[in-house]
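Grab a coffee and work through these exercises with the model open beside you. Try each task before you read its solution.

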Amino acid sequence: MTLDYATLELLRQSHPAWRLLRSEHAPLVASFLQRVFIVPNVRVITQADLAEALEDELFVLRDRLGAEAFPKSALDYLNDWAANDKGWLRKFYAQASDEPHFDLMPATEKAIAWLGTLAERSFVGTESRLLTLFELLKQMSEGSETDPEARIAELHRRRDEIDAEIARVLSGDLPLLDDSALRDRFQQFVAMARELLADFREVEHNFRRLDRRVRERIALWEGAKGALLEEIMGERDAISDSDQGKSFRAFWDFLMSSRRQDELTALLERVLTLPAVAELRPDARTRRVHYDWLEAGEHTQRTVAQLSQQLRRFLDDQAWLENRRIMDILHGIEAKALALRETPPAGEVMSIADTAAAIELPMERPLYSPPIKPSIADLALESADDDEVDAAVLFSQVVVDRAQLVRHIRQALQERSQVSLRELCETRPLEHGLAELVAYLQLAGDSFKSVVDEGVNELIVWGGMTPDGQPYARQARLPRVIFVR
């Protein structure tokens with residue numbers, strides 16, 4: 001999607017997530033829905049239970065902010081959040097129940113997830129994401145290779161790497177991940193696990209939208225029933241054969257394997273006991289996140305089954321109504337024919353109006369109006385004096401030698417295990433000012449292992465000479481950046 005002005009203006013006016021962020025009660029809506037729906041991974045809540053939970057939340061807020069802060073009742077707020085102009089909740093009646101139920105909309109979950117990214121993080125890992133991207137590229141490249149010899153060569157190379165790793169382990173060389181790498185990978189796992197749960201709600205929402213479009217098409221259909229059924233079944237197959245449908249089916253088949261469930265349980269138990277991961281104080285539900293995936297997937301499967309069953313009943317009802325309407329028309333024709341047989345009317349019984357062509361006179365069309373030509377005044381261009389503008393500044397360029405910076409960092413890391421960016425700049429002062437400082441920061445994220453300490457700020461100072469020969473000094477304050485060997 002292109003984020004141009006027209007697209008963003010349309011999203012600002014119509015998208016529920018944007019409306020939530022602009023709402024006056026956005027802190028209440030986001031915090032309450034995140035607590036009752038997202039954190040415990042609850043898909044559907046009855047109206048009575050949700051209203052009671054919201055009433056308790058409002059009681060605490062009114063006691064702290066005053067009764068006028070939230071004057072309406074909890075049920076009024078829930079109905080307002082589920083209205084068409086908000087669209088933050090879905091209010092519906094579950095099967096075999098006369099009590100309203102509420103479910104979170106995907107757009108609301110997206111807005112709450114985005115709000116969670118605004119908090120500052122003490123540790124921002126990049127290595128695991130880079131390795132994930134690299135692994136995805138390898139899978140795409142190897143999975144699309146059609147040359148058998150190339151695939152066999154790749155398999156031989158991987159086998160040699162495994163044999164070499166086995167030999168290193170047998171010789172006592174056992175490489176282990178350090179605490180930073182463990183925390184990096186665990187944070188990425190938690191983020192992707194939460195995103196996966198949000199994807200289930202969006203997949204379910206897409207199926208409901210498809211069902212709604214099909215019902216609208218049935219209600220307005222004027223052709224043959226066979227063509228309608230063919231089109232509906234074709235659209236059902238299209239959603240199953242789409243990229244989203246195939247990916248969901250592959251995920252479900254993978255997760256339904258008992259061997260995979262046992263493997264996930266064992267891996268989670270072992271990882272959560274690691275000291276580096278325990279320091280992060282992970283959520284207790286992380287231990288059973290794969291069961292949350294199963295529960296969310298089963299709810300999506302049940303929703304699809306219910307939609308198919310309701311669509312079948314809807315088609316049966318439409319067929320019964322259509323047959324009844326046809327029989328009513330036939331009975332009416334028979335009754336009128338019998339009445340005309342006994343007492344035929346005089347004159348015409350029925351008449352059909354002749355078709356007429358639409359006539360448009362040539363003089364009714366407007367005459368051609370030539371466009372107004374703009375009047376452009378001729379002005380003489382005046383050049384500035386040579387002594388006022390220094391044209392040499394336009395051609396001056398600053399070239400930072402990245403290879404030289406890399407050598408400097410590696411030499412510093414040979415003497416010790418870690419070195420900060422301020423120490424590098426003190427050892428070798430900046431020659432190109434801010435451009436060279438930005439190059440150091442880019443190398444920290446691309447070419448070297450690095451850690452950013454947000455709790456400590458460092459001052460980096462550099463100087464130089466102006467074009468007229470005057471000395472100057474510049475400084476930059478930024479969080480401590482540490483290069484690690």
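## Exercise 1: the small sheet

Strand 2 and strand 3 are paired through five bridges, in the antiparallel sense. Keep in mind throughout that this is a predicted model.

**Task.** Work out in which order the three strands of the open sheet lie, and which are the edge strands.

**Solution.**
- Start from the pair just named: strand 2 and strand 3 make a hairpin with six residues between them. In that turn, alanine 96 has a positive phi of about 60 degrees.
- Next, find the other partner. Strand 1 is joined to strand 3 (residues 100-104) by two bridges, and these two run antiparallel.
- Put that together and you get an open sheet in the order 1-3-2, with antiparallel pairing.
- The edges are then strand 1 (45-46) and strand 2 (89-93), each of which pairs on one side only.

**Task.** Which residues of strand 3 stand opposite phenylalanine 92, threonine 46 and isoleucine 45?

**Solution.**
- Phenylalanine 92 sits opposite histidine 101 of strand 3.
- Threonine 46 also has histidine 101 opposite it.
- Isoleucine 45 has phenylalanine 102 as its bridge partner in strand 3.

## Exercise 2: strand 3 and its aspartate

**Task.** How many residues of strand 3 are buried, and how do they divide between its two faces?

**Solution.**
- Count first: five of the five residues of strand 3 are buried.
- Now sort by side. In a regular strand, side chains alternate between the two faces of the sheet.
- Here, Pro100, Phe102 and Leu104 are on one side, while His101 and Asp103 are on the other. Both faces are covered.

**Task.** Is aspartate 103 buried or exposed, and what does aspartate 103 touch?

**Solution.**
- Place the residue: aspartate 103 is part of strand 3.
- Check the accessibility. Aspartate 103 has a relative accessibility of 1%, so it counts as buried; the cut-off for buried is under 20%.
- List the neighbours, leaving out residues up to four places away in sequence: Phe37, Arg43, Leu89, Arg90, Phe92, Arg201, Glu204 and Arg208.

## Exercise 3: helix 3 and what packs on it

**Task.** How are helix 3 and helix 6 arranged relative to each other, and which residues make the contact?

**Solution.**
- Two packed helices are described by the angle between their axes and the distance between the axes.
- For helix 3 (residues 26-38) and helix 6 (residues 106-116), the axes come within 10 Å and cross at roughly 105 degrees.
- Helix 3 and helix 6 are therefore roughly perpendicular.
- From helix 3, the contact uses Ala30, Leu33, Gln34 and Ile38; helix 6 brings Thr108, Glu109, Ile112 and Leu115.
- Sort those residues by type and you find five nonpolar, two polar and one charged.

**Task.** Which strands of the sheet does helix 3 touch?

**Solution.** Helix 3 packs on the sheet and touches strand 1, strand 2 and strand 3. Its direction makes about 100 degrees with that of strand 3.

## Exercise 4: salt bridges

**Task.** How many salt bridges does the structure hold, and what do some of them look like?

**Solution.** The structure has 14 salt bridges. Take three pairs in turn.

- *Arginine 157 and glutamate 161.* Their side chains meet at 2.4 Å, N to O. Both belong to helix 8 (residues 148-170), and because they are four residues apart, about one helical turn separates them. Arginine 157 is partly exposed at 34% relative accessibility, and glutamate 161 is partly exposed at 44%.
- *Arginine 416 and glutamate 423.* The closest N and O atoms are 3.3 Å apart. Arginine 416 is partly exposed with 37% relative accessible area, and glutamate 423 is partly exposed at 25%.
- *Arginine 480 and glutamate 458.* The side chains meet at 2.9 Å, N to O. Arginine 480 is in strand 6 (residues 471-484) and glutamate 458 in strand 5 (residues 449-465), so this pair ties together parts 22 residues apart in sequence. Arginine 480 is partly exposed at 28%, whereas glutamate 458 is buried at 5%.

One last item: salt bridges with shared partners link Lys72, Asp80, Asp85 and Lys86 into one network.

Conventions:
Residues are numbered from 1 along each chain as its sequence is written. This is a predicted model: local features need pLDDT of at least 70, side-chain atom pairs count only at pLDDT 80 or more; totals for chains, interfaces and linings use all residues. Side-chain values use heavy atoms; hydrogens and water are left out. Axes are lines fitted to C-alpha atoms, for helices over the stretch in contact, and angles run from 0 to 180 degrees between N-to-C directions. Angles under 35 degrees count as roughly parallel, over 145 as roughly antiparallel, 65 to 115 as roughly perpendicular and the rest as oblique. Contact means heavy atoms within 4.5 Å. Ala, Val, Leu, Ile, Met, Phe, Trp, Tyr, Cys and Pro count as nonpolar, Asp, Glu, Lys and Arg as charged, and the others, Gly among them, as polar. Two strands pair if DSSP finds at least two bridges between them. Buried means under 20% relative accessible area, exposed over 50%, partly exposed in between (1.4 Å probe, protein chains only). A salt bridge is a side-chain nitrogen of Lys or Arg within 4 Å of a carboxyl oxygen of Asp or Glu.
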